[in-house]
Amino acid sequence: MARRVQVVGLGGSLRKESTSRTALQTALDGAAADGADTELIWVRDLDLPLYSAEHAPPPAALRFADAVHACDALIWSTPTYHGSVSGSFKNALDWLILLAEREPAYLSNKPIGLITTAGGVQGLQAVNTMDFIARSLRGWSVPLVLPVPQSWQSFDPDGHLKDEAIAAQLRKLGAEVVRAARQFQAAGTCDYA
Ligand SMILES: Cc1cc2nc3c(=O)[nH]c(=O)nc-3n(C[C@H](O)[C@H](O)[C@H](O)COP(=O)(O)O)c2cc1C
């Protein structure tokens, strides 16, 4: 029998009421409902220093890189900041240079689901930026993406998701990531068929 799929979610903002963190948790719930084991890594908890090659990697960065390397699939969820991903999210991904010498390197063979929450309607720009990053790290971004527009309408001030239609789409994205990960387990690749 195939091993249970392990999905790591990365993202959220540094705000306690982060909507992108809630969106990430909702997508992970969809992955869990589809039989995956999940872990949410919130950039606020990671609290990583800005990446520099001049310093030894802190333990938090080493643990983060190990967790990412060990998983079968990822879900990323960033707030849209100035038409792109947030700095804290990008900084976390910069630390994944620690996976350069691993076998296989970086995010090889890992499907990645992409989510953003945006105050306006430019969320797809952040999704596309994540797609560029995913490919540069040798990951496979899943075609179904979810840029949640006008987050102030779908989330309450505490960051809870009010919109059940968006919640259902997020859970579907989580399930889609698990489906792609199972293709990698079974066939060593993914055709999204
Ligand atoms: C520094 C900053 C830049 C932002 N830039 C954009 C933007 O370019 N486009 C947009 O639609 N929303 C923008 N927003 C709004 C956020 O995308 C939105 O509030 C998002 O839901 C915040 O995510 P969070 O709840 O996880 O913190 C910006 C917010 C901040 C704080």
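# Exercises around strand 3 and its neighbours

In strand 4, Leu114 is the bridge partner of Trp76. Keep in mind that you're looking at a predicted model.

**Exercise 1.** Work out how strand 3 pairs with strand 4 and with strand 1, and which helix belongs to the unit with strand 4.

*Solution.*
- Step 1: Start with strand 3 and strand 4. They pair in the parallel sense over six bridges, and Trp76 with Leu114 in strand 4 is one of the partner pairs.
- Step 2: Now look at strand 1. It pairs with strand 3, again in the parallel sense, over five bridges. Here you can spot Val8 standing opposite Leu74 in strand 3.
- Step 3: Find the helix. Helix 4, residues 87-94, joins strand 3 and strand 4 in a β-α-β unit, and the unit is right-handed.

**Exercise 2.** Sort the residues of strand 3 by the way they point, and decide whether they are buried or exposed.

*Solution.*
- Step 1: Recall the general pattern: in a regular strand, side chains alternate between the two faces of the sheet.
- Step 2: Apply it. Ala73, Ile75, Ser77 and Pro79 point one way, while Leu74, Trp76 and Thr78 point the other way.
- Step 3: Check the cover. Both sets are buried, so the count comes to seven buried residues out of seven, given that buried means under 20% relative accessible area.

**Exercise 3.** Follow the chain from strand 1 to strand 2 and describe what you pass on the way.

*Solution.*
- Step 1: Take the two strands. Strand 1 and strand 2 run parallel, joined by six bridges. In strand 2, Ile41 is the bridge partner of Leu10.
- Step 2: Trace the link. The chain goes from strand 1 through helix 1 to strand 2, a right-handed β-α-β crossover.
- Step 3: Size up helix 1. Its 15 residues, 19-33, reach 21 Å from the first C-alpha to the last, close to the 21 Å expected at 1.5 Å a residue.
- Step 4: See what's hidden. The buried residues are Thr19, Ser20, Thr22, Ala23, Leu24, Thr26, Ala27, Leu28, Gly30 and Ala31. They pack against several elements, including strand 1, strand 3 and helix 7 (164-187).
- Step 5: Look just past the helix. Gly35 follows, and its phi is positive, near 100°.

**Exercise 4.** Say how many residues surround the ligand, and pick out some polar contacts.

*Solution.*
- Step 1: Count the surroundings. There are 17 residues around the ligand, and the closest are Arg15, Thr19, Ser20, Thr80 and Gly120.
- Step 2: Go for the side chains. Ser18 places a polar side-chain atom 2.7 Å from an oxygen atom of the ligand. An N or O atom in the side chain of Ser151 is also 2.7 Å from a ligand oxygen atom.
- Step 3: Add a backbone. A polar backbone atom of Gly119 is 3.1 Å from a nitrogen atom of the ligand.

**Exercise 5.** Two residues sit in helix 4: Asn91 and Ser88. Which class of burial does Asn91 fall in, and which does Ser88?

*Solution.*
- Step 1: Asn91 has 8% relative accessibility, so it counts as buried.
- Step 2: Ser88 has a relative accessible area of 23%, so it's partly exposed.
- Step 3: List the partners beyond four places in sequence. Asn91 is in contact with Leu48, Pro49, Leu50 and Tyr51, and the side chain of Asn91 reaches the backbone nitrogen of Tyr51 at 2.8 Å. Ser88 is in contact with Leu14 and Val43.
- Step 4: Compare chain and space. Ser88 and Gly12 are 76 residues apart along the chain, yet their C-alpha atoms are separated by 9.1 Å.

**Exercise 6.** Place Tyr106, then link it to helix 3.

*Solution.*
- Step 1: Tyr106 lies in the loop between helix 4 and strand 4. With a relative accessible area of 16%, Tyr106 is buried.
- Step 2: Not counting residues up to four places away, Tyr106 touches His69, Leu96, Ile97, Leu99, Ala100, Leu137 and Arg138.
- Step 3: Ala65 and His69 are among the buried residues of helix 3. Tyr106 is 41 residues from Ala65 in sequence, and 9.2 Å from it in space, C-alpha to C-alpha.
- Step 4: Finish with helix 3 itself. It has 12 residues and reaches 16 Å from first C-alpha to last. Its buried residues are covered by elements including strand 1, strand 2, strand 3 and helix 4.

Note on methods:
Residues are numbered from 1 along each chain as its sequence is written. This is a predicted model: local features need pLDDT of at least 70, side-chain atom pairs count only at pLDDT 80 or more; totals for chains, interfaces and linings use all residues. Side-chain values use heavy atoms; hydrogens and water are left out. Helices (H or I, at least four residues) and strands (E, at least two) are DSSP runs, numbered from the N terminus. The expected span of a helix is 1.5 Å times one less than its number of residues. Buried means under 20% relative accessible area, exposed over 50%, partly exposed in between (1.4 Å probe, protein chains only). Contact means heavy atoms within 4.5 Å. Two strands pair if DSSP finds at least two bridges between them. A crossover is right-handed if, with the strands pointing away from the viewer, the path from the first strand over the helix to the second runs clockwise. A residue is near a molecule or strand if one of its heavy atoms lies within 4 Å of it. A polar contact is a pair of N or O atoms within 3.5 Å; within protein, one must be able to donate a hydrogen and the other to accept it, and residues adjacent in sequence count only if both atoms are side-chain atoms.
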